[in-house]
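Please open the model in your viewer and keep a selection panel at hand. The stops below are meant to be taken in order, each beginning with something to select.

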Amino acid sequence: MNALLYTSSKQNWLLRYKLHHIPFWALYHFTWWTVALGNPMKAFAAIFFTASILKFLFYVIFQALAVYFNLYYLIPKYLEKGRFTQYMVFLLLTTIGVSVLIIPGYYLSAYLAGQTMQEAYGPNGDCFYGYLGTSLPSTLAAMTLAMSIKLGKNWLQTQRKQQLLEKEKLETELNFLKHQFNPHFLFNTINSIFFLIHKNPDMASASLAKFSELLRYQLYECNDKQILLSREISYMENSIELERLRQNDNVEVTLDIDQENSSQWGIAPFILMTFVENAFKHVSKHADKPNWIRMHLEQEGERLYFTVSNSTSDMASNDIVHYGGIGLKNVQRRLDLIYPGQYSLDIQHHNDRFDVSLQLHLTALELSQPLQKIA
């Protein structure tokens with residue numbers, strides 16, 4: 001246990017002080033020496049078997065210090081806070097200062113080798129500005145590379161974080177829209193049962209049984225983004241039966257289903273029910289004219305066609321047009337989020353009727369276990 005804690009502490013210490021980056025900078029400078037000498041073996045021998053190792057270490061250590069001073073002090077303190085002038089001044093001073101600090105490495109290497117500067121570096125070996133002309137571009141290249149890596153990494157992290165935020169926002173919005181529908185449905189259903197208690201207790205009992213099934217469906221079986229189409233249809237049929245018990249005899253309700261084998265097709269929960277509920281809510285209440293609701297569902301492979309029409313009075317039709325209803329706005333928003341570019345919704349209003357036509361592209365749904373049909 002103590003050994004494990006020691007290892008973990010050691011790893012954290014290495015990460016905290018970026019010591020695990022040292023091999024990268026050693027390899028980076030070794031690559032440049034290889035390019036300069038034309039052969040990796042010559043570069044290896046020049047670095048590790050001659051006094052030039054001091055010059056090599058000066059490049060590795062001081063340029064690494066300059067890079068991390070820029071990344072972890074100058075950028076957060078000045079660049080990220082919009083203090084561009086101060087940042088550029090300090091960056092320039094850091095680059096020049098580090099380039100000057102590298103130059104003693106040339107002199108120490110020559111001294112350790114027992115050579116004069118001319119013997120070690122040629123006729124112009126004692127030219128201070130000649131070394132600066134080498135160390136300065138090298139330091140600029142190292143800092144540019146490090147900034148590119150750091151900024152690229154930050155950009156990727158920002159993009160990944162933005163995607164996660166968008167995903168969370170989408171899921172939150174979908175859940176909000178779905179749960180905003182549920183209280184609306186519950187309110188209408190409870191009112192229906194309350195109405196039936198006084199009108200027909202036996203019907204109220206049957207309605208309560210169906211209502212409990214619908215609640216079970218909502219609470220335990222519709223938490224996924226997609227459910228079986230057959231489940232949504234069964235839920236819709238039970239809901240329609242519940243509404244039929246509440247409606248007067250002068251409201252004619254028809255449901256026509258032309259469905260293929262829907263065991264593999266999925267749909268977002270409560271998409272269809274919003275239109276059904278809207279039709280029952282706004283159906284006309286004429287005493288001298290027919291009142292009707294007609295629903296037709298047809299499935300052709302991955303295409304679903306669903307139409308809902310209901311008779312309306314002039315006032316009810318205008319109310320739907322001007323205010324839209326929370327349910328219709330929510331379901332259209334959900335369609336935009338879940339089925340972008342994969343649905344067509346047409347809503348028409350007339351003086352005596354309201355028509356909704358939905359075409360939807362279904363997706364295949366994989367289930368880990370079969371679901372039981374709603375009673």
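What follows is a tour that starts with the whole chain and then moves through helices, strands and single side chains.

This is a predicted model, in which local features need pLDDT of at least 70 and side-chain atom pairs count only at pLDDT 80 or more, whereas totals for chains, interfaces and linings use all residues. Residues are numbered from 1 along each chain as its sequence is written, and side-chain values use heavy atoms, with hydrogens and water left out.

**The whole chain**

Begin with everything selected and coloured by secondary structure: the protein has 13 helices and eight strands, where helices (H or I, at least four residues) and strands (E, at least two) are DSSP runs numbered from the N terminus. Of the 375 residues, 37% are buried, a class that means under 20% relative accessible area, with exposed meaning over 50% and partly exposed lying in between (1.4 Å probe, protein chains only). The protein exposes about 22,200 Å², and carbon and sulfur atoms supply 60% of that area; accessible areas come from the Shrake-Rupley method with a 1.4 Å probe, and for residues only the protein chains shown count as cover. Among contacts (heavy atoms within 4.5 Å) between residues at least 6 apart in sequence, 72% join residues at least 24 apart.

**Helices α3 and α4**

Select Phe44, Phe48 and Phe49, which form a nonpolar patch on the surface with about 350 Å² of accessible area together. Patches are made of residues with over 30% relative accessible area and no salt bridge, like charges being joined within 9 Å and nonpolar side chains (Val, Leu, Ile, Met, Phe, Trp, Tyr) within 5 Å. Phe44 lies in helix α3 (residues 40-48), and Phe44 counts as partly exposed because its relative accessibility is 37%.

Move next to helix α4 (residues 52-79), where you will find Lys55. Is Lys55 buried or exposed? With a relative accessibility of 13%, Lys55 counts as buried, and, leaving aside residues up to four places away in sequence, Lys55 touches Trp33, Gly105, Tyr106, Ser109 and Tyr121.

Still in helix α4, select Phe62, which is partly exposed at a relative accessible area of 23%. With residues up to four places away in sequence again not counted, Phe62 touches Leu57, Val98, Leu101 and Ile102. A C-alpha distance label between Phe62 and Leu101 should read 7.4 Å, although the two are 39 residues apart in sequence.

**From β2 to β7**

Now show the strands, bearing in mind that two strands pair if DSSP finds at least two bridges between them. Strand β2 (residues 251-258) and strand β4 (residues 291-300) pair in the parallel sense over eight bridges, and Thr254 has Arg294 in β4 as its bridge partner. From β4, continue to β5, with which β4 pairs in the antiparallel sense over eight bridges; the two form a hairpin with two residues between them, and Gly301 in the turn has a positive phi of about 65 degrees.

β5 and strand β7 (residues 353-361) are antiparallel over nine bridges, with Ser311 standing opposite Arg353 in β7. Strand β6 (residues 343-349) also pairs with β7 in the antiparallel sense, over seven bridges, and β6 and β7 form a hairpin with three residues between them. Gln348 has Asp355 in β7 as its bridge partner.

**Arg353 and its surroundings**

Which side chains meet in a salt bridge? Those of Arg353 and Asp355 do, at 3.1 Å from N to O, and the structure holds one salt bridge, defined as a side-chain nitrogen of Lys or Arg within 4 Å of a carboxyl oxygen of Asp or Glu. Arg353 is partly exposed, with a relative accessible area of 28%, while Asp355 is buried at 16%.

Add Thr312, in the loop between β5 (303-311) and α12 (314-323); at 2% relative accessibility, Thr312 counts as buried. A polar atom of the Thr312 side chain lies 3.4 Å from the backbone nitrogen of Arg353.

**A three-stranded sheet**

Finish with the open sheet of three strands in the order β1-β3-β8, whose pairing is antiparallel. Its edge strands are β1 (227-228) and β8 (363-364), each of which pairs on one side only. β1 and strand β3 (residues 265-267) pair over two bridges, and Leu228 stands opposite Gly266 in β3.

Key. A polar contact is a pair of N or O atoms within 3.5 Å; within protein, one must be able to donate a hydrogen and the other to accept it, and residues adjacent in sequence count only if both atoms are side-chain atoms.
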